[in-house]
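Thanks for sharing this one. Here are my notes, in numbered points, for you to read alongside the model.

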Amino acid sequence: MKKRRKPGRDDTSLEQGAICKQEKGLTRVALVYPNTYKTGMSNLGFQRVYQLANQQETVACERVFLPRPEQAKMPAKSCETGLSLERFDIILFSISFENDFVHLVQLLLGAGIPLRSCDRNHTHPLVAAGGVACFINPEPIAPLMDLFLLGEAECLVPGFFSFFHVHKRRTDLLNGLEQHLPGAYVPALHTPFLYTGPSEQVCNAIPKDPPFAKIQVQLLKNLEAVQTHTCVLTTGTAFKDKFLVEIIKGCPHGCRFCTAGFIYRPPRIYPENTIFAAMDKALGKTDKIGLVGSAILDHPDIAAICSHGAKNGCSLSFSSLRADKLDDQMTDLLAASSVKTATIAPEAGSERMRHIINKKMTLQDILQAVDKLVGKTILHLRLYFMIGLPFETHGDAEAIVTLTRQIKERFLAASRKQKRMGTITLRINPFIPKPGTPFQWAALADDATLKHRAGIIRQGLKKTANVTVNIASVKTAKINTLLSLGDRHTADVLETACRQSWARALKAHQAHLHQVVYTQKQIPCPSEDGCDHTPAAPLPWHILDQHISLRFLAKEWHRAQQEKQSASCPMIDCRTCRVCMS
């Protein structure tokens, strides 16, 4: 039904598809996206959980977001009924990015709910979390959570609520959940892996017997019976009344810094007819459809999908496009959809660095993509690069300047034919090591190195007309690396940051920061016979089974060190990384 106005937030006044259950006796669930309404409602995973939870007859699931800056001192309230967090039976955080961990802390403190799981009891809501940030590394917020649901929502949400309604006593629920629901993770039942060595938790609310195996992250085997699309359409998102449809999960290319290429291996595609059916649900609501995925152009039926949208009079946009996959048909479609800005992500300036990170994109691919885009009157380009990558030198930063100038030359030549000049915007991000990737053992480059390489790029391009350079801050990179790689002690840093400030938190926890952020981790050395004769110390997230062998990831690290590329995943059953083995 179309929602016109609700007491929770003004953002929701023009929503289509929101669900508001008013019946008595329902389990009331606050589904919390720990960021703004605009950001959260742009997230398909969050919308999918909202849909699945409300499909349970005994559940009323309501959305909660981070209050706007002018409401920062007010407790967060739900969009549907205006309830505050402490009045719900369950608080379920949906977390896509680790930098939102701090907002989670803010929301719990703002609601007056004890921050740590061991300080809560049956009078408080059950506090749980899920989302991709959690099944990459849940440990920085593990002391704050009663439980995690790790994996794709379709595998977890129905089973969780079935078990919850049978076990009303919280201790029974938490003691039994892991044994009955694969993907459930109750941190209090486990001894964590810490950078300082194994340690018992300070607060032991639940006994740790019997011992439990690794928590297996749950992924759907195939997507034949699943549609993932917008369920609540609103003008208040980053995409403004655009109906989003996911067409692929994961990415086959295996860039060594990127989680999407590893944690979802092998990539899975939604069948063509499933996508058509999802796209058809937009008809009568909007004529704007956004196709979502990490590797849109690797879908084997992408041409037919685009034709289906065009046949129904829809304007299509894409969440990601690779320069090496950009053909004339795709650039024609972009132009027909009135796209004015396109993004190319070389990530590194030199061929050497692109080999190291396994970015299978040549200089020719990049320059040809520029020609095609500008030739179709797409005159504004965004270029994404990283600095501080493993094995990078100052010369590789200089190569970013060289490549940008080469792009600018092609850009100028093509723009002259159009008799119009556009702009080139560079986004430079410090490399952040990510769990579950071959670069998970890396350290963040030190401040001096990052600032020097940023200076090389700024200085090299400062006199280049129509080129804007934006460089992410070193402090932000430091915080994001801590939250990405942290263990359970990182929860202390988060609490200090919320109660005081990030500056004070980083100063108070310098030893922990150095150990997590600036120390390279021990890397396994895979042998030819398939056995690790030099096993490395487990990392905090190794409490999870992420479906990919450490030996495979270590092999990829050593191939990077040798400046060797690896083949893309063929998206079929494969024994190379063991991800598809039963």
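1. Let me begin with a single residue: does Arg322 count as buried or exposed? Keep in mind that this is a predicted model. Arg322 counts as buried, because its relative accessibility is 11% and the cut-off for buried is under 20%.

2. The surroundings of Arg322 are worth a look on your screen. The residue sits in a loop, with β12 (315–318) on one side and α9 (328–336) on the other. Setting aside neighbours within four places in sequence, Arg322 is in contact with His253, Leu297, Asp298, Lys359 and Lys360. As a further landmark, Gly261 is 61 residues from Arg322 in sequence, and their C-alpha atoms are 14 Å apart.

3. Next, the cysteines. The structure has zero disulfides. Cys79 is accordingly in no disulfide, and the nearest cysteine sulfur, in Cys20, is 11 Å away. Cys79 is also buried, with a relative accessible area of 0%.

4. Cys258 makes a useful second case. What is the distance from its sulfur to the closest cysteine sulfur, in Cys255? It is 6.3 Å, which is too far for a bond, because a disulfide needs the two sulfur atoms within 2.5 Å. Cys258 is partly exposed, at 27% relative accessible area, whereas Cys79 is buried.

5. Now to the overall fold. The protein contains 18 helices and 17 strands. Its C-alpha trace spans about 70 × 60 × 50 Å along the principal axes. The radius of gyration is 24 Å, which agrees with the value near 25 Å for a compact globule of 582 residues.

6. The contact and burial figures can be read together. Of the contacts with a separation of 6 or more, 74% join residues 24 or more positions apart. Buried residues account for 57% of the 582 residues, and Arg322 and Cys79 are among them.

7. Last, the surface and the charges. About 24,200 Å² of the protein is exposed, and carbon and sulfur atoms supply 51% of that area. There are 71 positive and 53 negative side chains. The centres of these two sets lie 6 Å apart.

Notes. Residues numbered from 1 in each chain as written. Predicted model: local features only at pLDDT ≥ 70, side-chain atom pairs only at ≥ 80, totals over all residues. Heavy atoms only, no water. Helix = DSSP H or I, 4+ residues; strand = E, 2+ residues; numbered from the N terminus. Rg over C-alpha atoms; globule rule 2.2 N^0.38 Å. Buried < 20%, exposed > 50% of the residue type's maximum accessible area, 1.4 Å probe, protein only. Contact = heavy atoms within 4.5 Å. Areas by Shrake-Rupley, 256 points an atom, 1.4 Å probe, with all protein chains shown as cover. Lys, Arg positive; Asp, Glu negative; His and termini not counted. Charge placed at Lys NZ, Arg CZ, Asp CG, Glu CD.
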